[in-house]
Amino acid sequence: MIRLAIQKSGRLSDDSIKLIRECGISFLSASSKLKTEATNFPLEILFLRDDDIPGYVADGVADIGIVGQNVLVEEGLQQLSVKNLGFSKCRLSLAVSKGAEYGDITSLEGKSIATSYPNLLQEYLTSKGVQADIHTISGSVEIAPSIGLADAVCDIVSSGSTLISNGLREVETVFKSEAVLIANQNLDAEKNKLLKQLLFRMEAVQRAQKSKYVVLNAPNDSIPAIKNLLPGIKSPTVIPLAEEGWSSLHSVVNEDDFWEIIQKLKEAGAEGILVVPIEKMIG
Ligand code: ATP
Ligand code: MG
């Protein structure tokens with residue numbers, strides 16, 4: 001049995017649960033429960049405050065966990081990181097009052113900055129050769145300038161709307177973050193095997209999310225040109241259509257190149273292009 005710690009309720013929770021379910025693991029998740037067992041995989045899930053997850057995994061109370069890189073690195077436990085998960089993307093940014101004068105980071109020399117991330121902030125300021133007075137507070141950081149607690153804030157931002165609604169202006173990115181899978185560094189052989197199985201499933205899910213299955217029809221003489229556009233996993237499947245001189249091609253394309261490829265396929269003579277999501281993709 002391997003023990004996984006995820007956030008009980010917050011911005012990591014839904015996507016963490018979704019990822020586990022997409023790995024084919026079923027469990028009951030009553031919101032009042034702090035612990036549950038999967039029904040079809042030797043996995044126990046603990047629901048915790050996100051700040052506690054790195055420490056619990058480092059101590060071996062939990063074997064593995066899902067947490068934001070911002071919390072992991074702030075706690076000095078980045079060595080536990082095993083895999084980036086691509087969700088809960090955000091950044092730790094410096095912001096000043098909308099009307100405040102700001103040229104570059106040296107504008108903060110000798111100023112006071114409120115944050116819940118004193119270590120990440122200190123490291124950033126040191127790297128820039130700036131000395132400032134860091135006030136560590138645990139929440140509602142964004143109101144600090146308006147109540148006279150600090151000249152600037154250093155806080156988590158995704159869209160930036162919270163900063164704007166508090167009369168703040170984002171001026172520097174201190175740290176970029178996303179959710180990561182972390183693991184205790186002394187797992188026994190049995191738990192290591194379970195971790196490898198989970199990683200294998202997560203990779204299949206991630207690969208599928210980045211890919212689309214494409215089906216199209218084309219006249220036979222345009223097949224060579226289309227083949228070059230559709231590398232597929234090995235090469236595209238070509239199936240003759242009932243109509244003489246036409247074929248159907250099936251392949252997989254990367255989501256990042258998707259629109260560009262579709263455009264070129266049309267130019268090369270493709271018709272009736274179908275694009276289908278992929279559920280799992282095993283390399
Ligand atoms: P807890 O009660 O578990 O301590 P919290 O209030 O500290 O929760 P959340 O606000 O739920 O934490 O954020 C959890 C993590 O989600 C953050 O540490 C960060 O990695 C990420 N995150 C925070 N804000 C955003 C956002 N606006 N968009 C995307 N991800 C975010
Ligand atoms: Mg927290």
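A polar contact, within protein, is a pair of N or O atoms within 3.5 Å, of which one must be able to donate a hydrogen and the other to accept it. With that term in hand, the tour may begin; please note that the model is predicted.

**Stop 1: His250**

Select His250, which lies in strand 14 (residues 246–254). Its side chain makes a polar contact with the side chain of Ser248, at 3.1 Å. Is His250 buried or exposed? His250 has a relative accessible area of 19%, and because buried means under 20%, His250 counts as buried. Next, display the surroundings of His250. Leaving aside neighbours within four places in sequence, His250 is in contact with Tyr213, Val214 and Val215, and also with Pro236, Thr237 and Ile239.

**Stop 2: the domains**

Colour the chain by domain. The domain assignment gives domain 1 (2–88 + 179–208), domain 2 (90–176) and domain 3 (211–277). Between the C-alpha centres of domain 1 and domain 3 there is a distance of 38 Å.

**Stop 3: the nonpolar cores**

A general tendency is useful to know here. In soluble globular proteins, nonpolar side chains tend to be buried together.

Select Leu94, Ile105, Leu108, Ile113 and Ile182. Of the 32 residues in the largest nonpolar core, these five touch the most other members. Several helices and strands each supply at least two residues of this core, among them strand 3 (43–48), helix 2 (53–59), strand 6 (90–97) and strand 11 (179–183). Which element gives the largest share of this core? Helix 4 does, with four residues. The core lies between domain 1 (2–88 + 179–208) and domain 2 (90–176), because both domains give residues to it.

Now centre the view on Ile105. Not counting residues up to four places away in sequence, Ile105 touches Leu94, Tyr124, Leu125, Lys128, Val130 and Glu172. Apart from the largest core lies another, of 29 residues, which includes Leu19, Cys23, Phe27 and Leu198.

**Stop 4: the magnesium ion and ligand 1**

Select the magnesium ion (ligand 2). Which residues coordinate the magnesium ion? Asp50 and Asp51 do so through their OD atoms, at 2.1 Å. Asp50 is buried, at 17% relative accessibility, whereas Asp51 is partly exposed, with a relative accessible area of 35%.

Keep Asp51 on display and add ligand 1. A polar side-chain atom of Asp51 lies 2.8 Å from an oxygen atom of ligand 1. There are 15 residues around ligand 1, and Arg11, Arg49, Asp51, Asn70 and Ser158 come nearest. Two of the residues just named may be examined in turn:

- Arg11: a polar backbone atom of this residue is 2.7 Å from an oxygen atom of ligand 1.
- Ser158: an N or O atom in the side chain of this residue is 2.8 Å from a nitrogen atom of ligand 1.

**Stop 5: Gln69**

Select Gln69, in helix 3. Gln69 counts as buried, at 17% relative accessibility. Add Ser177 to the selection. How many residues apart in sequence are Gln69 and Ser177? They are 108 residues apart in sequence, while their C-alpha atoms are 5.2 Å apart in space. Ser177 also appears among the contacts of Gln69 when neighbours within four places in sequence are left aside. The other residues in contact with Gln69 on that basis are Glu74, Asn84, Phe175, Lys176, Glu178 and Val180.

**Stop 6: Ser165**

Move to Ser165, in helix 5 (residues 161–165). Is Ser165 buried or exposed? Ser165 counts as exposed, because its relative accessibility is 60% and exposed means over 50%. A polar atom of the side chain of Ser165 lies 3.0 Å from the backbone oxygen of Thr162. Ser165 may also be viewed together with Glu142: the two are 23 residues apart in sequence and 9.6 Å apart in space, C-alpha to C-alpha.

**Stop 7: two serines with positive phi**

Finally, select Ser88 and Ser140. Ser88 is placed in the loop between strand 5 (81–84) and strand 6. Its phi is near 50°, a positive value in a residue other than glycine. At 22% relative accessibility, Ser88 is partly exposed. Ser140 belongs to the loop between strand 8 (133–136) and strand 9. For Ser140, phi is near 45°, again a positive value in a residue other than glycine.

Technical notes. Residues numbered from 1 in each chain as written. Chains lettered and ligands numbered in written order. Predicted model: local features only at pLDDT ≥ 70, side-chain atom pairs only at ≥ 80, totals over all residues. Heavy atoms only, no water. Donors = N, O, S within 2.8 Å, 3.2 Å for Na, K, Ca; no water. Buried < 20%, exposed > 50% of the residue type's maximum accessible area, 1.4 Å probe, protein only. Core = buried A, V, L, I, M, F, W, Y, C linked by side-chain atoms within 4.5 Å. Domains from an automatic or database assignment. Contact = heavy atoms within 4.5 Å. Near = heavy atom within 4 Å.
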